[in-house]
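Dear colleague,

I am handing over the structure we spoke about, so that you can look at it yourself before reading my notes. Please open it first, and then go through the points below with the model beside you.

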Amino acid sequence: MKVLANDGISQSGIEDLEKAGFEVSTTTVAQEQLANYINENKISVILVRSATTVRKEVIDACPNLKIIGRGGVGMDNIDVDYAREKGIHVINTPAASSQSVAELVFAHLFTGVRYLYDSNRNMPLDGDTQFKKLKKNYAKGIELRGKTLGVIGFGRIGREVAKIALGVGMKVIATDKFVGKANIKVDFYNGQFINVEIETEPMEEVLKHSDFITLHVPAQKDYVIGKAEFDIMKNGVGLVNAARGGVVNEVELVKALDSGKVAFAGLDTFQDEPTPAVQILMNPKISLTPHIGAATNEAQDRIGLELASQIKSLLITDKN
């Protein structure tokens with residue numbers, strides 16, 4: 001039985017599948033050629049990340065598909081309900097990348113409070129001639145300890161973010177339509193741990209009281225953060241979006257940055273991905289990464305092994 005990992009899969013995932021008798025291809029097939037390739041090569045399982053889409057047209061054109069797998073959490077690039085109506089299994093790996101995304105959130109937060117997003121641009125240009133001026137420009141950083149982090153979306157990733165925040169010494173408040181409260185267990189290297197129970201609050205309260213805000217929600221039809229939400233926030237708030245492009249109104253974000261309402265932003269996902277708006281890319285108050293939240297070696301190993309495990313559990317009986 002053949003598996004096409006069109007957006008790649010870790011070597012550990014490949015080896016696990018091959019040991020079970022599956023044939024794995026990591027050929028990257030262009031979107032417009034995907035259906036033809038699947039049919040011509042008798043592919044039973046297609047695995048994607050965020051680059052490849054599996055829509056109704058591909059599903060209808062490929063009657064032999066048995067599994068569509070998404071390496072990651074969000075499945076907005078797959079017509080999930082339609083595929084399942086057609087009897088195709090749709091799987092993902094919701095837990096595998098949570099820690100990696102959470103660490104990237106804090107990379108952006110630390111970058112923001114110490115002006116690294118700007119100093120890393122200007123030091124190579126003027127560090128040898130304007131050192132004292134640059135030192136003065138970036139000398140008013142702040143600490144995260146003691147500040148309030150607002151988490152919008154308190155699922156797996158939001159809770160991993162909360163763990164790091166608690167470890168740093170931050171106060172954590174959260175909002176989530178589907179979660180009333182969560183017990184956050186913070187583990188330490190020597191086997192010790194602490195448990196902190198966090199009750200979620202209304203969105204408006206989180207926006208009003210947070211020094212920094214981070215989003216961990218699925219793709220939405222409407223913006224989660226727009227002008228009305230920016231108006232509620234504290235002056236000088238920091239905002240991080242490592243969730244999905246389109247949950248933050250980027251036009252209003254730029255306005256908020258220009259006015260000082262938002263001190264800095266960290267963006268890993270973009271409204272116009274994969275061609276982010278120039279005004280976002282060039283804004284000196286935005287820390288930028290190209291949708292790499294789950295792109296750590298450890299996360300990719302976990303994703304590959306979790307996909308392999310699910311594929312085997314679903315197909316190994318039929319295969320034998």
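What follows is a description of the sheets, some of their strands, two helices, a cavity and a pocket.

Please keep in mind from the start that this is a predicted model, and that what I describe was computed from it.

I begin with the two sheets. One of them is an open sheet of five strands, which come in the order β2-β1-β3-β4-β5 and pair in parallel. At its edges lie β2, covering residues 23-25, and β5, covering residues 89-92, each of which pairs on one side only. From one strand to the next, the twist of this sheet averages 20°. If you would like to see one pairing in detail, look at β1 (residues 2-5), which runs parallel to β2 and is joined to it by three bridges. Within that pairing, L4 stands opposite S25 of β2.

The other is an open sheet of six strands, again with parallel pairing, in the order β7-β6-β10-β11-β12-β13. Here the edge strands are β7 and β13 (286-288), and each of them has a pairing on one side only. Neighbouring strands in this sheet are turned against each other by 15° on average, if direction is ignored. As general background, the strands of a sheet pair through backbone hydrogen bonds, and they do so either parallel or antiparallel.

Within the six-stranded sheet, strand β6 deserves a slower look. Is β6 enclosed by the rest of the structure, or exposed, and why? Five of the five residues in β6 (residues 148-152) are buried, so this strand is largely enclosed by the rest of the structure. It helps to recall that in a regular strand the side chains alternate between the two faces of the sheet. In β6 both faces are covered, since T148, G150 and I152 are buried on one side, while L149 and V151 are buried on the other.

The neighbours of β6 can be followed residue by residue. Strand β7 (residues 171-175) runs parallel to β6 and is joined to it by five bridges. In this pairing T148 has K171 of β7 as its bridge partner, and V151 stands opposite A174 of β7. Strand β10 (residues 212-215) also runs parallel to β6, and four bridges join the two; there, I152 stands opposite L215 of β10. Together with helix α8 (residues 156-168), the strands β6 and β7 make a right-handed β-α-β unit.

Two helices are worth finding next. In helix α1, which covers residues 11-19, the buried residues include S12, G13, I14 and L17. After α1 comes G21, which has a positive phi, near 100°. In helix α5 you will find V101, which is buried, with a relative accessible area of 5%; the cut-off for calling a residue buried is under 20%. Although V101 and A295 are 194 residues apart in sequence, their C-alpha atoms are 8.4 Å apart in space.

I turn now to the empty spaces. How many cavities of 30 Å³ or more does a search of the whole structure find? The search finds one, and the volume of this largest cavity is about 60 Å³. The residues that line the largest cavity are G8, I9, S10, L47, V48, R49, G71, Q300, I303, G304 and L307. Both β3 (43-48) and α13 (297-319) supply at least two residues of this lining, and the largest share, four residues, comes from α13. Sorted by class, the lining of the largest cavity has five nonpolar, five polar and one charged residues.

There is also the second largest pocket, which holds about 210 Å³ of space. Its lining has 16 residues, and among these I142, F212, G236, A263 and F264 lie nearest the centre of the pocket. Helix α5 (98-113) and strand β12 (262-267) each give at least two residues to the lining of this pocket. By class, the second largest pocket is lined by eight nonpolar, four polar and four charged residues.

With kind regards

Technical notes: Residues are numbered from 1 along each chain as its sequence is written. This is a predicted model: local features need pLDDT of at least 70, side-chain atom pairs count only at pLDDT 80 or more; totals for chains, interfaces and linings use all residues. Side-chain values use heavy atoms; hydrogens and water are left out. On a 1 Å grid over the protein atoms alone, a cavity is a set of points where a 1.4 Å probe fits but cannot get out, and a pocket is an open set with protein on both sides within 12 Å along at least five of seven lines; lining residues have an atom within 4 Å of a point. Grid points are joined across faces, edges and corners, and a volume is the space filled by probe spheres set on the points. Ala, Val, Leu, Ile, Met, Phe, Trp, Tyr, Cys and Pro count as nonpolar, Asp, Glu, Lys and Arg as charged, and the others, Gly among them, as polar. Two strands pair if DSSP finds at least two bridges between them. Axes are lines fitted to C-alpha atoms, for helices over the stretch in contact, and angles run from 0 to 180 degrees between N-to-C directions. Buried means under 20% relative accessible area, exposed over 50%, partly exposed in between (1.4 Å probe, protein chains only). A crossover is right-handed if, with the strands pointing away from the viewer, the path from the first strand over the helix to the second runs clockwise.
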